[in-house]
Amino acid sequence: MGSAFTPVTIGPVTLRNRFIRSGANEMMTYRSRPTQSLLEFHRRLAAGGVGMTTLAYVAVSPDGRTFASQGVLNADSIADYRAITDAVHAEGALASAQITHGGSFVQHKELSTPRAMSSSGGIDKMGVMMGRFFQRQMNRQDMDQVRDEFVAAARCAVEAGFDAVELHMGHGYLLNQYISPLSNKRRDEYGGTAEKRARFPAEVLAAVKQAVGDRIAVLAKINLYDGAKGGATVEDGIVTAKALEAAGADMLVLSGGRNIEASYVMFSSPLPYDDLALMQRGFFAKLQFRLLKMATPKTVKFSELYFLEAARRVRAAVKCKLGYLGGVLSLDGAEKALAENFDAVVMARSLVHDPALVSKWQADVTHRSACDACNRCVAVMYGPAGTYCTLSGNAIDPKLNKIYAGEELNHAA
């Protein structure tokens with residue numbers, strides 16, 4: 001058996017193999033607490049052979065949610081998340097919590113302030129959907145508060161039995177709003193050069209690392225590049241990777257693209273914008289997806305290992321562990337990435353299509369994922385069942401999406 005099935009140590013934890021289920025929003029939370037659907041979703045992945053599965057995304061505070069029902073990792077939800085990590089551990093895998101703050105990437109009206117905060121002020125591109133047209137620039141007090149919220153969430157992750165936390169610094173969420181020049185227009189020590197734009201995210205990671213010590217691994221997901229005009233380049237991605245390595249990251253997961261400006265870059269294929277528009281209620285929300293469809297280049301075509309060339313450049317620049325993400329559909333593809341000195345293979349859509357994919361590769365090295373990169377799993381995320389593959393039809397019973405993951409545990413207590 002190839003190197004993909006050998007253990008790998010990330011910080012203080014060791015995975016049974018090199019496969020990690022990427023943090024990709026499941027929408028299986030109810031009133032900001034994880035549900036039995038989320039538990040079953042990740043139990044299936046663990047039983048299917050992954051080394052570690054990542055719950056996404058878990059907000060560090062109520063204001064950090066992108067969606068109103070999104071999970072928040074705090075004292076009230078520890079028992080629910082503990083039920084999920086127990087289920088994952090029982091199947092032999094590890095569990096990671098992708099802890100995140102949306103900043104101004106917020107699709108609800110339940111903020112504690114009139115304007116969402118971001119690295120800089122100006123037009124709130126996501127807020128326009130809710131009639132919230134402007135965002136505010138974070139001050140020092142805001143930054144300290146967000147840093148402390150990440151620390152508090154990481155400490156809760158330890159109590160909830162997670163083996164790792166992954167700080168989401170890509171795709172246009174708050175920490176990426178500092179890293180990307182598309183969002184960061186500051187003229188102080190946190191804006192301007194790539195080094196300065198990466199400073200606050202690195203400070204957050206360093207604080208989390210200091211708080212959890214060697215109890216759990218600390219990962220970060222970053223953009224290799226934004227893929228939009230005026231956005232961060234691969235050279236910027238290298239600067240960010242170096243800053244996070246210096247801050248103590250145990251591993252970096254390499255992704256790309258921005259949710260608003262270049263979402264197709266993440267997937268190397270167009271999103272089903274017509275389907276996404278139908279799932280929205282408001283006029284502005286529907287209009288936004290139609291505009292995004294118009295902005296997607298007609299030449300976008302999926303290819304396996306689509307981030308490999310850019311990821312190689314980061315691999316050559318840092319010594320810390322790196323997880324390769326982007327279009328792995330075969331064991332041969334996974335082994336090619338590992339042969340490039342990446343330490344793990346990180347996958348989302350292929351595992352949504354078939355949670356048992358890793359076990360099937362272990363039994364048959366020629367097996368290939370049937371995921372066709374249609375991205376309809378992204379559209380159905382907004383429905384009652386949460387994320388599932390429309391091709392394989394593996395949705396979890398929607399009724400379980402309104403039952404808290406730790407409900408039985410809480411009753412027993």
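Buried means under 20% relative accessible area, exposed over 50%, and partly exposed in between, with a 1.4 Å probe and protein chains only. The model is predicted: local features need pLDDT of at least 70, side-chain atom pairs count only at pLDDT 80 or more, and totals for chains, interfaces and linings use all residues. Residues are numbered from 1 along each chain as its sequence is written, and side-chain values use heavy atoms, with hydrogens and water left out.

**Exercise 1.** Find the salt bridge partner of Arg197 and state whether each residue is buried or exposed.

Solution.
- Step 1. A salt bridge requires a side-chain nitrogen of Lys or Arg within 4 Å of a carboxyl oxygen of Asp or Glu.
- Step 2. Arg197 pairs with Asp236, and the closest N and O atoms are 3.3 Å apart.
- Step 3. Arg197 belongs to helix H5 (residues 194-197) and Asp236 to helix H7 (residues 234-247), so the pair links distant parts of the chain, 39 residues apart. Helices (H or I, at least four residues) and strands (E, at least two) are DSSP runs, numbered from the N terminus.
- Step 4. Arg197 has a relative accessible area of 6% and is therefore buried. Asp236, at 15%, also counts as buried.

**Exercise 2.** Classify the two residues of the salt bridge between Arg313 and Glu235 by accessibility.

Solution.
- Step 1. The side chains of Arg313 and Glu235 meet at 2.7 Å, N to O.
- Step 2. Arg313 sits in helix H11 (residues 308-317) and Glu235 in helix H7, 78 residues apart.
- Step 3. Arg313 has a relative accessible area of 37%, so Arg313 is partly exposed. Glu235, at 43%, is partly exposed.

**Exercise 3.** Describe how helices H1 and H2 pack.

Solution.
- Step 1. Two packed helices are described by the angle between their axes and the distance between the axes.
- Step 2. Helix H1 (residues 36-47) and helix H2 (residues 78-90) have axes 8 Å apart, at an angle of about 20°. Axes are lines fitted to C-alpha atoms, for helices over the stretch in contact, and angles run from 0 to 180 degrees between N-to-C directions.
- Step 3. H1 is therefore roughly parallel to H2, a class for angles under 35 degrees (over 145 is roughly antiparallel, 65 to 115 roughly perpendicular, the rest oblique).
- Step 4. Residues in contact (heavy atoms within 4.5 Å) include Leu38 and His42 of H1 and Ala83 and Ile84 of H2.
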